[in-house]
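Please open the model in your viewer and keep the selection tool at hand. The stops below each suggest what to select next and then describe what is there.

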Amino acid sequence: MTTFLNKIYSCDHMVKDSMRVGDIPPSRAIYRRTLNMAVPATTETVLVGIMGMIDTIMVGTISFAAIAAVGITNQPRFLVLSMIVALNVGVTAIVARRKGEGDMLSARSSLKQAILVSFALSLLIGVLAYTFAHPLLSFAGAGDDIIDDSVMFFRITMLSVPFAGLGMTIIAAQRGAGNTRISMWVNITSGVVKVLFNFLLIGGRLGFPQLGIRGAAIATVIGSAVTLIMSVYSVSGRSSELNIMSFRGWMFNKQTLRGFTNVGSGALVEQLFMRFGFFMFVRVVAGLGTMALVTHQICMNIVMLSFCFAEGLGIASSALVGQNLGAKRPDMAMIYGKVCQRIGLTLSTLMSFVFVFGRRGLIRMFTSEEEIITTGSYLILILAVITFAQISQFVISGALRGAGDSKYVAFVALVTIGILRPGLAWVFAFPLGMGLIGIWIAFLVDQMARLTLNYVRFSKAKWTKIRL
């Protein structure tokens, strides 16, 4: 057993001798560096995810339909932010590469140019989303019983896009530089502020007005403003290695813009395919009725626990791969990607036990409706299997993005999320009559396919030759 685990977790077995560029540090040192970056990133995403669950629980105190009204806005909101997210993939990759090269002056200049692009994009997409909120949410599947509340909630939250966009860009640069603790404190603080104002504004406590869903939307705007303030402060002090408080470096240059375009264009295509696929996936669910939609939204909040661990490890994987490629150590980039995946495998095993044995209790945190609890329990059993593929594929995807191989990741997103998941979901749910269970089986197939395609690409190591 010890020999088997050693082959899985020992760094000596993670790269071929022909790929080695230099000495490989001890496994203990590699895992320590990985955990130093991954623990803050994972802590951040998990706590933010838990606060998102609390957010849904608070909205659920308003009414049964409120969960559906707010939940239906998630994918349209992510779709709106896809351009900013794509830009930030490029920001993380480029800042990580420049740090690995020891060129922090170029890293700071890259961030400054990204801030200008992010601000312009945030204003544009915020105005467009506010204007076309009703047709967008109607297309997403919002029925007559929830469309008015959904549009109201969506439009208010769109006021936060300029704050959120700029804050996300600065945080992406901090992650690329390896400063995941800064990112952690920014997002946790803004999440706490959002939950606090949910408490005050949804139910009207401590003298604040009772605003219901409108209060939850306002709390989102306030939380985004806190994100911006804290992120700007993190790059304002002289001690910050990404200090932007100088006039130098704000002018656009071709090399930086080319890097944003090469990585960001692939990431944008990926985001669009992902959001379209998720969009259509939710539409299929909405076709089963409000009860199925609420059950799905509740279980997707529980999925966020697995996703948050995956995202945290993906952030660490992306930064470590980028930094080591910048330092001309493709062998170490490969090792760090695999180490993050091994840590993810361990977390997947633990979470699977939690999902299997705690599934009914997890769902009861959101509702006491027995029909939802029963159906949701079957979905969480499927999640216990999904979590293994989800965390591993997210880590490997993060490594490929960190290397700048975002176009391949986009291709995989097109095949699996844009086509396979919604297509199978519809076939399983309606022609085969499997309902919500069939939709979640399609979810499992998507995750397994993404893991297989991305891992094959990662193993071939062509991504180690990409220049940024």
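How many residues does helix 5 have, and what distance does it reach from its first C-alpha to its last? Before selecting anything, please bear in mind that this is a predicted model. Select residues 82-101, and you will have helix 5, whose 20 residues reach 29 Å from the first C-alpha to the last, close to the 28 Å expected at 1.5 Å a residue. Of these 20 residues, 15 are buried, so helix 5 is largely enclosed by the rest of the structure. Extend the selection by one residue to Gly102, which follows helix 5 and has a positive phi, near 80°.

**Helix 13 and its bend**

Next, select residues 290-326, which make up helix 13; this helix has 37 residues and reaches 50 Å between its first and last C-alpha, close to the 54 Å expected at 1.5 Å a residue. Where along its length does helix 13 bend? Centre the view on Ser306, for it is at this residue that helix 13 bends by about 30°. Colouring by accessibility is useful here, since 31 of the 37 residues of helix 13 are buried, and the helix is therefore largely enclosed by the rest of the structure. Just after helix 13 you will come to Lys328, which takes a positive phi of about 65°.

**Helices 14 and 15**

Now select residues 330-364 for helix 14 together with residues 370-402 for helix 15, and turn the view until both axes can be followed; they come within 8 Å and cross at roughly 175°. An angle over 145 degrees counts as roughly antiparallel, and helix 14 and helix 15 are therefore roughly antiparallel to each other. If you colour the residues of this contact by type, they divide into 16 nonpolar, 11 polar and four charged.

**Two residues with positive phi**

Most residues other than glycine have a negative phi, which is the background for the next two selections. Select Leu206, in the loop between helix 10 (180-202) and helix 11 (213-234), where it has a positive phi of about 55° although it is not a glycine. Then move to Ala461, in the segment after helix 17 (435-460), which is not a glycine either and has a positive phi of about 65°. Which of the words buried or exposed applies to Leu206, and which to Ala461? Leu206, at 74% relative accessibility, counts as exposed, whereas Ala461 is buried, with a relative accessible area of 11%.

**Aromatic rings**

Show the side chains of the aromatic residues, among which a search of the whole structure finds seven aromatic pairs. One of them joins Tyr455 and Phe458, whose ring centres are 6.2 Å apart and whose planes stand at 40°, so the pair is tilted. Both residues lie in helix 17, three residues apart, which is about one turn of the helix. Tyr455 is partly exposed, with a relative accessible area of 29%, while Phe458, at 0% relative accessibility, counts as buried. For a further stop among the aromatic side chains, select Phe281, Trp440 and Phe443 together, as these form one aromatic cluster.

**Distances across the sequence**

The last stops each call for a distance between two C-alpha atoms. Return to Tyr455 and add Gln393: the two are 62 residues apart along the chain, and their C-alpha atoms are separated by 7.4 Å. Next select Phe430, in the loop between helix 16 (406-429) and helix 17, which is partly exposed, with a relative accessible area of 35%. Adding Leu288 gives a pair that is 142 residues apart in sequence and 9.0 Å apart in space, C-alpha to C-alpha.

Glu241 is to be found in the loop between helix 11 and helix 12 (254-286), and at 26% relative accessibility it counts as partly exposed. Select Met104 as well, and you will have two residues that are 137 residues apart along the chain, with their C-alpha atoms separated by 7.1 Å. Finally, select Val195 in helix 10, a buried residue with a relative accessible area of 15%, and join it to Val161, which is 34 residues away along the chain, with 18 Å between the two C-alpha atoms.

Conventions
Residues numbered from 1 in each chain as written. Predicted model: local features only at pLDDT ≥ 70, side-chain atom pairs only at ≥ 80, totals over all residues. Heavy atoms only, no water. Axes fitted to C-alpha atoms, helices over the stretch in contact; angles between N-to-C directions. Helix = DSSP H or I, 4+ residues; strand = E, 2+ residues; numbered from the N terminus. Parallel < 35°, antiparallel > 145°, perpendicular 65-115°, else oblique. Nonpolar A, V, L, I, M, F, W, Y, C, P; charged D, E, K, R; others polar. Expected span 1.5 Å × (residues − 1). Buried < 20%, exposed > 50% of the residue type's maximum accessible area, 1.4 Å probe, protein only. Bend = angle between axes of the 7 residues up to and from the residue. Phe/Tyr/Trp six-rings, centres within 6.5 Å; stacked < 30°, edge-to-face > 60°.
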